[in-house]
There are 2 protein chains.
Amino acid sequence: MPINPDAVGAESEPVEHSWTSKDALLYAVGVGAGTDELAFTTENSKGIEQRVLPTFAVIAGGAGGGAFSKIGEFNWAMLVHGEQAIRLHGEIPVEGTVRTVGRIAAIYDKGSGAVIVTESDSVDAKTGAPRFSSRSAVFIRGEGGWGGDRGPSAGNIIPDKKADHVVTYTTREDPAPTSRLSGDRNPLHSDPAFAAMAGFDRPILHGLCSYGFTGRALLHALCESDPSKFKAMEGRFSKPVFPGDTLTVSMWVDGDAAVFRTETQRGEVVIDNGRVEFG
Amino acid sequence: MPINPDAVGAESEPVEHSWTSKDALLYAVGVGAGTDELAFTTENSKGIEQRVLPTFAVIAGGAGGGAFSKIGEFNWAMLVHGEQAIRLHGEIPVEGTVRTVGRIAAIYDKGSGAVIVTESDSVDAKTGAPRFSSRSAVFIRGEGGWGGDRGPSAGNIIPDKKADHVVTYTTREDPAPTSRLSGDRNPLHSDPAFAAMAGFDRPILHGLCSYGFTGRALLHALCESDPSKFKAMEGRFSKPVFPGDTLTVSMWVDGDAAVFRTETQRGEVVIDNGRVEFG
């Protein structure tokens with residue numbers, strides 16, 4: 001068992017990560033923003049100021065400052081993204097530099113695999129002002145069974161009633177080749193040979209790509225397309241999404257928050273137990 | 001008439017332009033390469049080496065070394081790309097730096113506008129070995145009428161017989177937001193307000209994007225998908241392409257060359273009088 005459960009609490013050195021306007025534009029097209037979202041896909045449209053999609057925090061945070069490297073060696077083909085949460089302390093600027101410290105928040109033993117929870121806090125590199133925080137859980141198949149804590153299982157409860165808002169997007173047949181250019185080059189999302197080794201018929205979409213599509217839906221339905229109103233988002237990746245799938249995001253509003261889930265045209269819930277804060 | 005016809009012969013200072021593996025990948029997805037062209041869209045697929053699409057020369061050449069700035073001031077909304085030729089001196093590496101010198105090769109007076117022809121030669125910045133050359137003609141509406149030479153009008157003749165090869169690609173509804181990230185941020189390709197000012201119902205695709213789609217078709221049909229066999233390509237942009245259009249490339253082979261044209265689903269020829277050399 002090459003994963004080290006005692007790594008919990010380990011913290012990364014502060015890591016600086018910078019982004020440019022182009023990085024933000026590339027991210028936006030990678031999560032499906034197009035010609036009807038010019039504020040996110042262009043920087044020079046008449047009367048439209050470039051803004052940054054809130055879920056870009058998962059990119060701008062520079063993969064959580066590298067805390068993940070503390071957990072030891074494992075087979076990357078066995079890793080799938082389990083959960084992702086972000087919290088924004090103000091709108092993300094079009095370009096900037098943050099200093100990020102990450103930590104291993106928890107390691108759980110699910111028997112068939114291990115869950116690694118990392119958290120990170122990113123501050124503006126110049127002013128030290130908090131920019132955003134991130135929490136991420138990944139599941140690594142085959143790395144469990146050391147008799148450790150299974151961890152919590154309940155998430156945000158989705159009400160058994162009609163949703164208040166429903167938004168549907170179709171992912172393109174080929175979003176992965178674009179989405180991966182925002183940083184995650186895991187060949188699970190592009191190489192059929194690697195995907196087969198991981199047990200999939202074909203490459204699957206990045207969890208963070210579905211997350212970005214979902215974030216766009218939340219932003220437009222709940223925040224009047226205004227990133228400054230988008231405060232926090234969390235969700236659990238419950239099934240793989242394949243390029244070309246249609247993603248339908250259903251939202252149940254409760255004051256300045258909503259729970260949500262994202263389903264495919266197959267009726268499979270792919271992001272579950274979601275919650276977003278806005279206002 | 002703010003364009004200076006006497007600029008013919010003016011040469012740019014040598015300009016260095018570098019590109020990375022990521023630039024080549026981004027270009028490939030911008031011209032429609034997807035998951036069935038992993039050599040061009042990924043750098044880490046098992047047993048597949050990353051290679052560069054030959055038409056990437058138009059990007060790697062750094063917009064011709066800046067010779068274009070010699071012609072004076074004009075309204076960019078009036079500019080459309082007229083012709084584009086490239087000649088490759090060997091396969092383009094995945095990353096590199098070239099030194100490019102550009103020159104104003106000709107300025108023609110078409111009455112309703114001016115045609116500016118620029119040429120550039122790019123050499124490897126380290127070794128000085130020739131990498132690629134480029135020739136580009138742009139049409140600027142409203143800038144003609146000074147009584148200058150009209151220039152040549154004939155191009156490569158398309159035979160009146162059945163094509164030897166036909167390849168069809170569909171551009172995505174939204175390729176422009178990705179394609180523009182390879183360098184050409186002209187809002188004609190993204191901003192409806194700007195496109196309207198230029199007289200179009202909606203933003204049109206970059207000519208160089210259609211050129212890249214066409215180059216992919218030529219590469220796969222005539223060069224066994226091997227960029228080292230692709231020697232040269234030229235063509236004339238004869239009609240605008242709109243995002244979402246289907247592009248059908250027809251090729252007539254004659255030894256180690258072929259003439260080609262590209263048509264949309266409307267039957268409009270959008271790249272005409274094309275010629276490619278291979279072998």
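**Entry 1: cysteines**

I began with a cysteine of chain B and found that the sulfur of B:Cys223 has its closest cysteine sulfur in B:Cys209, 20 Å away, which is too far for a bond. I keep in mind throughout that this is a predicted model. Looking from the other side, I found that the sulfur of B:Cys209 has B:Cys223 as its closest cysteine partner, again at 20 Å and too far for a bond. For my own orientation I noted that a disulfide is a covalent bond between the sulfur atoms of two cysteines. The cut-off for calling a pair a disulfide is 2.5 Å between the sulfur atoms, and a search of the whole structure finds zero disulfides over all chains.

Are these two cysteines, B:Cys209 and B:Cys223, buried or exposed? I noted that B:Cys209 is buried, with a relative accessible area of 1%, and that B:Cys223 also counts as buried, at 1% relative accessibility.

**Entry 2: the sheet of chain A**

Next I traced the strands of chain A, and found that ten of them form an open sheet with antiparallel pairing, in the order E1-E3-E4-E5-E2-E7-E10-E9-E8-E6. Which strands stand at the edges? They are strand E1 (15-19) and strand E6 (165-170) of chain A, and because each has a single partner strand, one side of each is left without a neighbour in the sheet. From one strand to the next, the twist averages 25°. I then looked at what packs on this sheet, and found helix H6 (residues 207-222) of chain A, which touches strand E2 (79-88), E6, E7, E8, E9 and E10 of chain A and whose direction makes about 140° with that of E7(A).

**Entry 3: strand E9 of chain A and its partners**

I chose strand E9 (residues 257-264) of chain A for a closer look, and noted that it is mostly covered, since six of its eight residues are buried. On one side, strand E8 (residues 246-254) of chain A pairs with E9(A) in the antiparallel sense over eight bridges, and within this pairing A:Val249 stands opposite A:Thr262. How many residues lie between E8(A) and E9(A) in their hairpin? There are two, and A:Gly255 in that turn has a positive phi of about 65°.

On to the pairing with strand E10 (residues 269-278) of chain A, which runs antiparallel to E9(A) and is joined to it by six bridges. Here I found A:Ala257 opposite A:Glu277 of E10(A). E9(A) and E10(A) also form a hairpin, this one with four residues between them, and A:Gly267 in the turn has a positive phi of about 85°. E10(A) is also joined by six bridges to strand E7 (residues 230-237) of chain A, again antiparallel, and there A:Glu277 is the bridge partner of A:Ala232.

**Entry 4: comparing the two chains**

I asked myself what turn lays chain A on chain B. The answer is a turn of 180° with a shift of 0.0 Å along the axis, which gives an RMSD of 0.0 Å. That is the relation of a two-fold axis. I also noted that the same surface serves both copies, since 100% of the contact residues of chain A recur in chain B.

In chain B, I read the ten strands of an open, antiparallel sheet in the order E1-E3-E4-E5-E2-E7-E10-E9-E8-E6. Its strand E9 (residues 257-264) pairs with strand E10 (residues 269-278) in the antiparallel sense over six bridges, and B:Ala257 has B:Glu277 as its bridge partner in E10(B).

**Entry 5: aromatic rings**

A search for aromatic pairs in the whole structure finds ten over all chains. In one of them, B:Trp19 and B:Phe56 meet edge-to-face, at 6.1 Å centre to centre and with 75° between the planes. B:Trp19 lies in strand E1 of chain B and B:Phe56 in the loop between helix H2 (38-41) and helix H3 (57-60), so the pair ties together parts that are 37 residues apart in sequence. B:Trp19 is buried, with a relative accessible area of 3%, and B:Phe56 is buried as well, at 0%.

I then looked up B:Tyr211 and B:Phe237, whose ring centres are 6.0 Å apart and whose planes stand at 55°, so the pair is tilted. This pair links helix H6 of chain B, where B:Tyr211 sits, with strand E7 of chain B, where B:Phe237 sits, 26 residues apart. In chain A, ring pairs link A:Trp19, A:Tyr27, A:Phe56 and A:Phe132 into a cluster.

Key:
Residues are numbered from 1 along each chain as its sequence is written. Chains are lettered from A and ligands numbered from 1 in the order in which they are written. This is a predicted model: local features need pLDDT of at least 70, side-chain atom pairs count only at pLDDT 80 or more; totals for chains, interfaces and linings use all residues. Side-chain values use heavy atoms; hydrogens and water are left out. Buried means under 20% relative accessible area, exposed over 50%, partly exposed in between (1.4 Å probe, protein chains only). Two strands pair if DSSP finds at least two bridges between them. Axes are lines fitted to C-alpha atoms, for helices over the stretch in contact, and angles run from 0 to 180 degrees between N-to-C directions. Contact means heavy atoms within 4.5 Å. Copies are superposed by least squares on the C-alpha atoms of residues with pLDDT of at least 70 in both. Rings of Phe, Tyr and Trp (its six-membered ring) pair if their centres lie within 6.5 Å; planes under 30 degrees apart count as stacked, over 60 as edge-to-face and the rest as tilted.
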